[in-house]
Amino acid sequence: MEKKIYPDNCVVLDGRLDEAVWNEVPTYTGFTTRKVVGGELVKDQTFVKILPCENRVYFGIKCMESNMDFVRSFASQNIYCGSSVEVFLSPTGSASEVYNFAVTIDSLTQVIYYVEGGNNKAVFTPDWNHAVYMGENYWSIEIEFPLSAFNYSPIEKWTDEWLVNVIRNQPSATEKGPWGQPIFTCSTWSKIEKSFLEGRNFQRISGMPMRA
């Protein structure tokens, strides 16, 4: 990513990704099923944009969906049993620490800070915001991460090359489990092998802001 830091007020959180500034940053896609090595591209793709600003980072995520009627009517049971996205971030560029921000289409949220490859973790409630928009054949979300949300990371260790991954959880409208529950598809932007916390396999995104 070209080194450009945008002003903090350049996005209005409504989930639409319709601000002109979103067109100035790359679009990332190519999500594959999470079947360790050799996952296949999923049919309903996900598209990610990352907007680095002075004191925050915005993510714009567009989730293509073949059956929006089902998605609109399906109430999330928890973070992982619903239509949701998870953003994994390391502002220090270190694979040993990862922040996991998860949000469902109906606004259930969870934040976990992992260290030592997940051997230790802390569930906490930083200041972050999001908004969801539902289109005809997709739903999209804008997420705002103030840099203060990453308060576990020592300032002196921050870098402008972050480790990033995005996970999408998607319930099937047709496939059912043994008790009639929907089967969920989990797709990933990064090519992870065994664990969601494999920071060494995350995308490396340069041009990111550094906390003052």
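**Strands, hairpins and salt bridges**

In this predicted model, Asn-100 finds its bridge partner across in strand 6, and that partner is Ile-112. The pairing belongs to a longer run: strand 5 and strand 6 (residues 109-115) lie antiparallel and are held by 7 bridges. The two strands make a hairpin with 4 residues between them, and here Ser-107 takes a positive phi near 75°.

Strand 5 has a partner in strand 4 (residues 84-90) as well, again antiparallel, with 6 bridges joining the two. One place to look is Val-87, whose bridge partner in strand 5 is Phe-101. Strand 4 and strand 5 also form a hairpin, this one with 6 residues between the strands, and Gly-93 in the turn has a positive phi of about 70°.

What about the surroundings of strand 5? Of its 8 residues, 8 are buried, so the strand is largely enclosed by the rest of the structure. In a regular strand, side chains alternate between the two faces of the sheet. In strand 5, Glu-97, Tyr-99, Phe-101 and Val-103 point one way, while Val-98, Asn-100, Ala-102 and Thr-104 point the other way, and all of them are buried.

Glu-97 deserves a closer look. This residue sits in strand 5 (residues 97-104), and although Glu-97 is buried, it has no salt bridge. The nearest side chain of opposite charge is that of Lys-157, 7.8 Å away; a salt bridge would need the nitrogen and oxygen atoms to be within 4 Å. What Glu-97 does have is a polar contact, at 2.5 Å, between its side chain and the side chain of Tyr-113. Leaving out residues up to four places away in sequence, Glu-97 touches several others, including Leu-89, Pro-91, Tyr-114 and Ser-153.

Elsewhere, 4 strands build an open sheet in the order 2-3-9-8, with antiparallel pairing. Strand 2 (46-52) and strand 8 are the edge strands, each pairing on one side only. From one strand to the next, the twist averages 10°. Strand 8 is joined to strand 9 (residues 138-146) by 6 bridges, and the two run antiparallel; Asn-129, for instance, has Glu-144 in strand 9 as its bridge partner.

Val-132 belongs to strand 8 (residues 129-134) and is partly exposed, with a relative accessible area of 24%. Setting aside neighbours within four places in sequence, its contacts include Asp-14, Thr-104, Ile-105 and Trp-139.

Now for the charged pairs: the whole structure holds 6 salt bridges. In one of them, Arg-56 pairs with Glu-144, and the closest N and O atoms are 2.9 Å apart. Arg-56 lies in strand 3 (residues 56-64) and Glu-144 in strand 9, so the pair ties together parts that are 88 residues apart in sequence. Arg-56 is buried, with a relative accessible area of 19%, and Glu-144 is buried too, at 11%.

Another salt bridge brings together the side chains of Arg-168 and Glu-65 at 3.4 Å, N to O. The pair links distant parts of the chain, 103 residues apart: Arg-168 is in strand 10 (residues 161-176), and Glu-65 is in the loop between strand 3 and helix 1 (68-73). Both residues, Arg-168 and Glu-65, are buried.

The salt bridge between Arg-200 and Glu-193 spans 3.5 Å, N to O. Here Arg-200 is exposed, with a relative accessible area of 56%, whereas Glu-193 is partly exposed at 32%. Finally, salt bridges that share partners join Asp-8, Arg-56 and Glu-144 into one network.

Conventions. Residues are numbered from 1 along each chain as its sequence is written. This is a predicted model: local features need pLDDT of at least 70, side-chain atom pairs count only at pLDDT 80 or more; totals for chains, interfaces and linings use all residues. Side-chain values use heavy atoms; hydrogens and water are left out. Buried means under 20% relative accessible area, exposed over 50%, partly exposed in between (1.4 Å probe, protein chains only). Lys and Arg count as positive and Asp and Glu as negative; His and the chain ends are not counted. A polar contact is a pair of N or O atoms within 3.5 Å; within protein, one must be able to donate a hydrogen and the other to accept it, and residues adjacent in sequence count only if both atoms are side-chain atoms. Contact means heavy atoms within 4.5 Å. Two strands pair if DSSP finds at least two bridges between them. Axes are lines fitted to C-alpha atoms, for helices over the stretch in contact, and angles run from 0 to 180 degrees between N-to-C directions.
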